[in-house]
Amino acid sequence: MGLLQRRRQQPVGDSAAIDDARVDLDAARRELIRAQVALDSLPLGVVLVDHRGVVVIRNARNVAGSGHGDVLVQEAIDRLVPTALAGRESHTSVELYGPPKKVIQVSAAPLSDGGAIVSVEDISERSRLDAVRTDFVANISHELKTPVGALAVLAEAIADETDIDVVQRLSVKMVDEAHRAATAIDDLLELSRIELGGTAVSDPVQAADVLGDAVVRSLASAEQRNIHIDLDEPAALTVRGDRRQLVSALSNLIDNAVKYSEPGSDVHIAAELVDGLVNFSISDHGVGIPSRDLDRIFERFYRVDRARSRETGGTGLGLAIVRHVATNHEGDVQVKSAEGEGSTFTLRIPVAP
Ligand code: ADP
C-alpha cells in the first residue's frame with residue numbers, strides 16, 4: 001500500500017513541480033514584459049549590455065527618428081561601450097542636420113556586474129536654449145558696450161577740447177549715446193519683467209483705454225517726425241490681462257510704425273472684434289519689411305537694417321516684447337508687409353467672456 005501510494009504520488013508530485021516551474025516561468029515572463037513596457041515608456045533610449053558587450057535588453061524608444069540617424073547613434077553606442085566595460089563613464093553627442101535638426105546625447109556607464117548601460121537622449125531643445133542664452137549674453141554686451149564705449153571716447157575728446165562749439169556738438173552726441181544705453185537697459189528690463197511675469201494679472205481691460213495710453217506715449221515722436229496718428233474710435237471691447245503689458249506691446253508697435261514711416265505720412269490704428277479675438281491693428285505706409293525677414297523680426301535683437309535701426313535708436317527688442325505679451329495673453333501677433341509700401345501689425349487677444 002505504501003509503495004502503491006508512493007508510486008501514485010510520484011507522478012502527481014512531478015506534475016506539481018512542473019506546474020510550479022511553469023508558474024515561476026510565467027511570473028518571470030510577466031515581470032520581464034513589465035520591465036520592457038516600463039523601459040519603453042522612458043523618454044530616452046536605453047541599452048543594457050552584459051560583460052561581453054552583448055545586448056541583454058534595449059527599449060523601443062527611437063530617439064533619432066530616421067534611418068540615417070539610427071546608424072549614427074548605433075556607431076556612437078558601439079564606440080562608447082568598450083570604455084564603459086573597462087569601468088569608465090563616457091559621453092558623446094551626435095548632431096543630425098535634419099530637418100528637423102537634432103542633437104542626441106549618448107552616455108555609457110559601467111554596471112557593478114561587469115556589464116554596462118547606455119542611454120540615448122534627445123537634447124535638441126536644451127542645446128537650442130543654451131545657444132540662445134549664449135547669443136543673448138553676447139548681444140546684451142554688444143548693445144551696452146557700443147554706447148558706453150562711444151561715451152568714453154566722447155568724454156576724452158571733450159576733456160582736450162577748448163573750442164566751445166565743438167564741446168557743445170560733442171556733448172549733444174554724449175546725450176544721444178547715454179539715451180541709447182538707457183533705452184537698451186529699459187527694454188531689457190521690460191522684456192525680462194514680461195518673460196518672468198507670465199500671465200499673473202488677469203484684470204478686465206478696456207481696449208479703448210490701452211490703445212489711448214499707448215498712443216499718448218508715441219505722440220511726441222510722431223509730432224517730431226510729422227506723422228499723423230489716425231485712431232479709429234474703438235468699440236466697447238474688453239480683454240482680460242495685464243494692462244501694463246498690453247500698453248507696452250501696443251506702444252512698441254505704434255513706435256515702430258512711426259519710426260519706420262516717411263515724414264508726413266499717416267499711421268492708422270484700430271481695434272475690432274473678429275472671431276472672438278480683439279484685433280488691435282497698426283498700419284503704416286513706411287519702408288515695409290522684405291518677406292525673407294518676416295519670420296525673424298520677432299527674435300530678440302533682430303533688425304532688418306542695422307544702420308537704420310541705430311539711427312532711429314532701436315534696440316531690436318520691441319517686437320520680442322510684443323510677441324511675449326501676446327503669448328502671455330493666449331493671443332498672437334501677425335504681420336503683413338510689402339517693401340516700400342508699408343506694414344500692418346495685428347495683435348490679437350481673446351475678448352473677455
Ligand atoms: P527696433 O528696436 O530695431 O525697432 P523691433 O524688435 O521693434 O526692433 O523690430 C525689429 C525690426 O523689425 C526693426 O529693426 C525693423 O527692421 C523691423 N520693423 C519693425 N516694425 C517695422 C515697421 N512698422 N516697418 C518696417 N520695419 C519694421
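The exercises below treat the domains, the ligand shell and several single residues of a predicted model.

Residues are numbered from 1 along each chain as its sequence is written, and side-chain values use heavy atoms, with hydrogens and water left out. In this predicted model, local features need pLDDT of at least 70 and side-chain atom pairs count only at pLDDT 80 or more, while totals for chains, interfaces and linings use all residues.

**Exercise 1. Domains**

State the domains of the protein chain and the distance between the centres of domain 1 and domain 3.

Solution.
- Step 1: The assignment, which is automatic or taken from a database, gives domain 1 as 2–125, domain 2 as 126–197 and domain 3 as 198–353.
- Step 2: Taken over C-alpha atoms, the centres of domain 1 and domain 3 lie 55 Å apart.

**Exercise 2. The ligand shell**

Describe the residues around the ligand, their polar contacts with the ligand, and the elements that supply them.

Solution.
- Step 1: The shell is formed by residues with a heavy atom within 4 Å of the ligand. There are 21 such residues, and the closest are N256, Y260, T315, G316 and L319.
- Step 2: A polar contact to the ligand is a pair of N or O atoms within 3.5 Å. A polar side-chain atom of N256 is 2.8 Å from a ligand oxygen atom, and a polar side-chain atom of D284 is 2.9 Å from a ligand nitrogen atom. A polar backbone atom of V304 lies 3.1 Å from an oxygen atom of the ligand.
- Step 3: Of the 530 Å² of accessible area that the ligand has on its own, the protein covers 98% (Shrake-Rupley method, 1.4 Å probe).
- Step 4: Helices (H or I, at least four residues) and strands (E, at least two) are DSSP runs numbered from the N terminus. Helix 6 (243–259), helix 8 (318–328) and strand 12 (342–350) each give at least two shell residues. Helix 6 provides the largest share, three residues.
- Step 5: By class, the shell holds 10 nonpolar, eight polar and three charged residues. Here Ala, Val, Leu, Ile, Met, Phe, Trp, Tyr, Cys and Pro count as nonpolar, Asp, Glu, Lys and Arg as charged, and the others, Gly among them, as polar.

**Exercise 3. Helix 8 and positive phi**

Determine how many residues of helix 8 are buried, and whether F301 and E330 are buried or exposed.

Solution.
- Step 1: Buried means under 20% relative accessible area, exposed over 50%, and partly exposed in between (1.4 Å probe, protein chains only).
- Step 2: Eight of the 11 residues of helix 8 are buried, including G318, L319 and I321.
- Step 3: Helix 8 is followed by E330, which lies in the loop between helix 8 and strand 11 (332–338). E330 counts as exposed because its relative accessible area is 67%.
- Step 4: F301 is in the loop between strand 10 (277–284) and helix 7 (306–311). F301 counts as buried because its relative accessibility is 4%.
- Step 5: Most residues other than glycine have a negative phi. Phi is positive, however, at F301, about 70°, and at E330, about 55°.

**Exercise 4. Two buried residues**

Locate E190 and G241 and list the residues that each touches.

Solution.
- Step 1: E190 belongs to helix 4 (residues 164–197) and is buried because its relative accessibility is 16%.
- Step 2: Contact means heavy atoms within 4.5 Å. Not counting residues up to four places away in sequence, E190 touches R244, S248 and I321.
- Step 3: G241 belongs to strand 8 (residues 238–241) and is buried because its relative accessibility is 3%.
- Step 4: With the same exclusion of residues up to four places away in sequence, G241 touches V201, S202, D203, V205 and H329.
- Step 5: G241 and A352 are 111 residues apart in sequence, yet 9.2 Å apart in space, C-alpha to C-alpha.

Terms used. A polar contact is a pair of N or O atoms within 3.5 Å; within protein, one must be able to donate a hydrogen and the other to accept it, and residues adjacent in sequence count only if both atoms are side-chain atoms.
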